[in-house]
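User: Please take a close look at one part of this model and describe the surroundings of a few chosen residues in a connected account.

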Amino acid sequence: MTVVVAGVIERDGRVLVCRRRPQDAHPRKWEFPGGKVEPGEAPWEALARELHEELAIRVHAGREIERYEFRYPGKTPILLIFFSVSGFSGEPQNVVFETIAWAEPADLTAYDFLEGDIDFVGRLAEKKLLR
């Protein structure tokens, strides 16, 4: 099973969301930054690597918020692990996305998120999982 990590980066009560480019898989869908865990990597290490590659930031602190399995049609299941990122250095830079934005958690359901993220986004918007 492929393990995928995602960072819920919070600043001033808002979270960072990223929109995929038109040429990427799941074009123009919104997501939390992150990616696949490579062999030999712990999930937190993979998240730190991915956030540096995608946003040019260094992650210092965080905790796991939630994990669950999801299967896209015709694909093998993935394990999604969401982390709250409570400490990082550097200013997030858009390295690989069409766009990045800071959003209020309550507004997240208005974004066209990846199918695998939709249930989590709803819980994040309603229950404020970051608190």
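Analyst: The account below takes three residues in turn. The model is predicted, so local features need pLDDT of at least 70 and side-chain atom pairs count only at pLDDT 80 or more, while totals for chains, interfaces and linings use all residues. Residues are numbered from 1 along each chain as its sequence is written, and side-chain values use heavy atoms, with hydrogens and water left out.

Ile 81 belongs to strand β6, residues 78-89 (strands are DSSP runs of E of at least two residues, numbered from the N terminus). With a relative accessible area of 2%, Ile 81 is buried (buried means under 20% relative accessible area, with a 1.4 Å probe and protein chains only). Leaving aside neighbours within four places in sequence, Ile 81 is in contact with Val 3, Val 4, Val 5, Ala 6, Pro 43, Glu 64, Glu 66 and Arg 67 (contact means heavy atoms within 4.5 Å).

Glu 66, one of these partners of Ile 81, lies in strand β5, residues 58-70. Glu 66 counts as buried because its relative accessibility is 15%. Its side chain makes a polar contact with the side chain of Arg 123 at 2.3 Å (a polar contact is a pair of N or O atoms within 3.5 Å; within protein, one must be able to donate a hydrogen and the other to accept it, and residues adjacent in sequence count only if both atoms are side-chain atoms).

Arg 20 is placed in the loop between β2 (14-19) and β3 (30-31). Arg 20 also counts as buried, at 17% relative accessibility. The side chain of Arg 20 reaches the backbone oxygen of Ala 25 at 2.8 Å.

Key:
Helix = DSSP H or I, 4+ residues; strand = E, 2+ residues; numbered from the N terminus. Buried < 20%, exposed > 50% of the residue type's maximum accessible area, 1.4 Å probe, protein only.
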